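Open the structure in your viewer and keep the selection tool at hand. This tour moves from one selection to the next and says what can be found at each stop.

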Amino acid sequence: MRAYVRAITALLVVALCASAAPTRARKLYPVDEARRDQSFWTFRERLRRAVRERDEKFVVSILHPRVELSFGGHQGVKDFREMWLGRESRGDLWKELGDVLRLGGAFEAATGRKSFCAPYTFLKFPRDADVFEHGAITGKNVRVRARPDPRAPVVETLSYDVVKAEFFVEVGESGEGAAGWVKVTTPGGRAGYVAEEYIRSPADYRACFGKYRGRWLMTAFIAGD
């Protein structure tokens, strides 16, 4: 009986040590395949300019008639206007679409038609990582701070790492002073905060584009999994 208890105890110790051990470091380096197709490169540069200039007319002109906008059935130009070009949401469009276009992307042909999806953090994210519990560090030597404060001590620096991240919960007991920060656990097991501009959830907004009769159109602008 004692031998049995000792064996069970040993197994529990091993399990506890394993759960406390740092996770395997995984990298997600930036990818941008846009230059592989000159027509798409030119199109994306034009769209980037439209975002900088807040050119609603151009953005609407490149929407596919059935552009996907949510997993709840929202699609099409009319829904896009209602969701993104209203008085309260117009500013959000330029930020979200600008961030998407800034972070590269890749071509795919899963539907039988050549398409480009951005950002790279969506298409290239590790398949075995929960997209709602992990994020990708999108910069080099990004500081992880002890508190959500730019003056807080640095606990670690990361470069293009995949980390555990709490995107969907408030940080801090009251949430005060935490805006613009994401709580993370580094591959080394340290807890801290990263400025949100340097980390991205694979479930965040992404855009996909396809070529129809010689024209590139946005076929999806959607978030979620």
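Begin with phenylalanine 116, and, bearing in mind that this is a predicted model, look across to phenylalanine 209 in E11, which stands opposite phenylalanine 116. Now select the two strands as a whole: E3 (residues 115-118) and E11 (residues 206-212) run antiparallel and are joined by 4 bridges.

Widen the selection to the open sheet, where 5 strands follow the order E1-E12-E11-E3-E2 with mixed pairing. At its edges lie E1 (63-68) and E2 (106-108), each of which pairs on one side only. On average, neighbouring strands of this sheet are turned by 25 degrees against each other, direction ignored.

Next, add helix H2 (residues 38-53), which packs on the sheet and touches E2, E3, E11 and E12 (215-222), while its direction makes about 130 degrees with that of E11. Helix H4 (residues 76-84) also packs on the sheet, touching E1 and E12, and its direction makes about 70 degrees with that of E1.

Which residues form one aromatic cluster? Select Phe40, Phe43, Phe107, Phe116, Phe209 and Trp216 to display it. Within this selection, phenylalanine 40 and phenylalanine 209 form a tilted pair, 5.8 Å centre to centre with 55 degrees between the planes. This pair links helix H2 to strand E11, across 169 residues of the chain, and both phenylalanine 40 and phenylalanine 209 are buried.

Finish with two charged side chains: the charged end of lysine 114 sits over the ring of phenylalanine 107, 4.7 Å from its centre, and that of arginine 35 sits over the ring of tryptophan 41, 3.8 Å from its centre.

Conventions: Residues numbered from 1 in each chain as written. Predicted model: local features only at pLDDT ≥ 70, side-chain atom pairs only at ≥ 80, totals over all residues. Heavy atoms only, no water. Pairing = 2+ DSSP bridges. Axes fitted to C-alpha atoms, helices over the stretch in contact; angles between N-to-C directions. Contact = heavy atoms within 4.5 Å. Phe/Tyr/Trp six-rings, centres within 6.5 Å; stacked < 30°, edge-to-face > 60°. Buried < 20%, exposed > 50% of the residue type's maximum accessible area, 1.4 Å probe, protein only. Lys NZ or Arg CZ within 6 Å of the ring centre and 35° of its normal.
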